[in-house]
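Biologist: Got a minute to go through this one with me? Put it on screen and I'll start asking.

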Amino acid sequence: VAMARRVRDARTLAFAFRNAYIEWDPARLEERREAVEEVIELARELGDKELEVTSQCDHLQTSLLLCDIAAFDAGIEAHVRLGDELQQRMQMAHGLILCAMQALLAGDISRADELNADMRRFAGRHSVPWAAAAGDWHTLILRWEQGRLRELPSAYSVAQEPQGSLLS
């Protein structure tokens, strides 16, 4: 990072920061967030939307770990916008997953359910299998919250057992 600053190369600095903050200690989350924010600014200066969207993911994770829901919400909006601009299926699917998670965290179960269904349709239409798997997890969490575990297919049988057996 220090060398990249000395040579004043924005791309090298962004690369150095990303490699430095990926492994940072959870006790240094504020420092990590500052580094991530700097990478986002560097990405914008460079006009590198791919670097910006991946750095937004890092910012979302850090914001959530810091319980900064306002920053998390703003980061989701930025991520969705960038995913749409880039027209990358992976980023678009990730945006839908994040929006469903956001609704679930806010306690808006019906909106989370709608977004989960949208994401599952998107994953099927665009062959994004990992997003379909994320949809399975979201479905499990949603049905749990709704008290509707018995409606799940047999693939979810372990979740349909009494709560105590999940912990054993």
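Biologist: Which helices do the buried residues of α6 pack against?
Modeller: Keep in mind that this is a predicted model. The buried residues of α6 pack against α4 (49–65), α5 (69–86), α7 (109–125) and α8 (129–146).

Biologist: Which residues of α6 are buried?
Modeller: Q91, M92, A93, G95, L96, I97, L98, C99, A100 and A103.

Biologist: How far apart are the end C-alpha atoms of α6?
Modeller: They are 24 Å apart. Helix α6 has 17 residues, 89–105, so at 1.5 Å a residue it should span 24 Å, and the two values agree.

Biologist: What follows α6?
Modeller: G107 does, with a positive phi near 85 degrees.

Biologist: Switching to the surface. Which residues make the nonpolar patch?
Modeller: L64, I69 and L105 make a patch of about 260 Å². L64 sits in helix α4.

Biologist: Why does L64 count as partly exposed?
Modeller: Because its relative accessible area is 31%, and partly exposed runs from 20% to 50%.

Biologist: Zooming out, how many helices and strands are there?
Modeller: The protein chain has 10 helices and 0 strands.

Biologist: And what share of the residues is buried?
Modeller: Buried residues are 39% of the 168 in the protein chain. The chain exposes about 9,800 Å², with 55% of that from carbon and sulfur atoms.

Biologist: What about contacts across the sequence?
Modeller: Take contacts between residues at least 6 apart in sequence: 45% of them join residues at least 24 apart.

Methods: Residues numbered from 1 in each chain as written. Predicted model: local features only at pLDDT ≥ 70, side-chain atom pairs only at ≥ 80, totals over all residues. Heavy atoms only, no water. Helix = DSSP H or I, 4+ residues; strand = E, 2+ residues; numbered from the N terminus. Buried < 20%, exposed > 50% of the residue type's maximum accessible area, 1.4 Å probe, protein only. Contact = heavy atoms within 4.5 Å. Areas by Shrake-Rupley, 256 points an atom, 1.4 Å probe, with all protein chains shown as cover. Expected span 1.5 Å × (residues − 1). Patch = residues over 30% accessible without salt bridge, like charges linked within 9 Å, V, L, I, M, F, W, Y side chains within 5 Å. Salt bridge = Lys/Arg side-chain N within 4 Å of Asp/Glu carboxyl O.
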